[in-house]
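Colleague: I have just opened this one and would love a close look at a single part: the aromatic side chains. Could you walk me through how they sit together, and add a word on what lies around them?

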Amino acid sequence: MSAISITAQEFDPSIVELGKSFLIIGTDAYLIDQVCDAVRIVLKDKFGADIIILYADEIKIAELNDHLDSFSIFSTAKLLFIKNADNLNVNTKKKELQALADYFSAPSENQSMLIVAEKVDLRTSAWKKIKEGCIHILCDPPKYGTAIRPWLEKQLRAHGKSMDSRAIETFCSRIELDYANANNELTKLILLNLDSKLIKEADVLISIGSSRVGTLIDFYRAMGTRNPKNCLELLERMLNSEWEALQVSYHLNKFYNIIWRILLLKQNHITPAEILKTHLAELYPRQRQEFINFSNNYNLADIENALSLLLDTDSKIKLSAAQPAVLLEMCLLGILAAK
């Protein structure tokens, strides 16, 4: 079979069939559990499959080969659930990894594989062969608040609920960047609104309370008004709230690319009203006028300097031994000092 790659958000239990295998890769435990539970339930309930759980760090080649043999005197259907598959990457597990890869040369129609790992090198021949024999499902945590929106809308539909646009915006901007936490907060919201199908912004504010970092828009406002003190304080709070340095860098790049676009449009005699109406679709409606105002505090030379500093900082975060927090602070100060 040709390799199929989807995200956990795109996964639908209806694609689960006996004989299909799944390679789950990522670090978001909530998404991994959701996908794995769905696969196990379908194979158990629909096909009566026996479920055998194996741990890659413990399994030996002889035992693995026995399990890969699909014949069973007890059942005609089987699911092999291999956890901690990252451990197959070590030198002492080369035989086991190759045996698993070889299985996909002639997989059984009566057996499914569910292989879970945080990270593997899909460029290597063994993992490439495993991926080609599986439906590959990515289970990564959200990198920014709006990435939670597809998950949120799917969960709301499942519960027979809806949110207005302002409630969705507020939920996504205030929630922790973690699906398990988002699920807990959504469960609270649903319990507080059992008698109403529509969840409003006021309901979200009552349930969730304060922002995870004073809201991302506060960080944008600090940059938009060129306020170094607020920028550094918010940066510190973001990093202390378990934001990755590259997540912060993403938002810096996003902010200055939007300002750059606005300034170029103004230079080409596009009116602010037309910019608001046509050119800022990726922003929430209430943010668009603010970004127009932010652009008044910058010129094109400032943005060229900012994007150059951000490119250099991105490279240093990935390649240098310097503390990412220090690199981001120096980058911000360099951007805001230019006038």
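Modeller: Happy to! Before the rings, a stop at the surface of what is, please keep in mind, a predicted model. Asp57, Glu58, Glu63, Asp66 and Asp69 form a negative surface patch. One of them, Glu58, sits in the loop that runs between β3 (50–55) and α2 (61–68). Its relative accessibility is 56%, so Glu58 counts as exposed.

Now to the rings themselves. The structure holds ten aromatic pairs. Take tyrosine 103 and phenylalanine 104: their ring centres are 5.2 Å apart and the planes meet at 80 degrees, so this pair is edge-to-face. Tyrosine 103 and phenylalanine 104 are both buried.

Tryptophan 151 and tyrosine 179 make another pair, with centres 6.0 Å apart and planes at 55 degrees; angles from 30 to 60 degrees count as tilted, so that is the name for this pair. Tryptophan 151 belongs to helix α5 (residues 149–158) and tyrosine 179 to helix α7 (residues 179–192), so the pair ties together parts that are 28 residues apart in sequence. Both partners are covered: tryptophan 151 is buried at a relative accessible area of 2%, and tyrosine 179 is buried at 4%.

Ring pairs also build a cluster, linking Tyr220, Phe255, Tyr256, Phe291, Phe294 and Tyr298. Tyr220 is a good place to step from the cluster into its helix, because it is among the buried residues of α9, together with Leu216, Ile217, Phe219, Ala222, Met223 and Gly224. Helix α9 (residues 216–224) is mostly covered, with seven of its nine residues buried.

Follow the chain just past α9 and you reach arginine 226, which has a positive phi of about 55 degrees. Arginine 226 is in the loop between α9 and α10 (228–240). This arginine is buried as well, since its relative accessible area is 11%, and buried means under 20%.

For a companion to arginine 226, look at asparagine 84: its phi is also positive, near 55 degrees, in a residue other than glycine. Asparagine 84 lies in the loop between β4 (78–83) and α3 (94–103). With 33% relative accessibility, asparagine 84 counts as partly exposed, whereas arginine 226 is buried.

Notes: Residues numbered from 1 in each chain as written. Predicted model: local features only at pLDDT ≥ 70, side-chain atom pairs only at ≥ 80, totals over all residues. Heavy atoms only, no water. Patch = residues over 30% accessible without salt bridge, like charges linked within 9 Å, V, L, I, M, F, W, Y side chains within 5 Å. Areas by Shrake-Rupley, 256 points an atom, 1.4 Å probe, with all protein chains shown as cover. Salt bridge = Lys/Arg side-chain N within 4 Å of Asp/Glu carboxyl O. Lys, Arg positive; Asp, Glu negative; His and termini not counted. Charge placed at Lys NZ, Arg CZ, Asp CG, Glu CD. Helix = DSSP H or I, 4+ residues; strand = E, 2+ residues; numbered from the N terminus. Buried < 20%, exposed > 50% of the residue type's maximum accessible area, 1.4 Å probe, protein only. Phe/Tyr/Trp six-rings, centres within 6.5 Å; stacked < 30°, edge-to-face > 60°.
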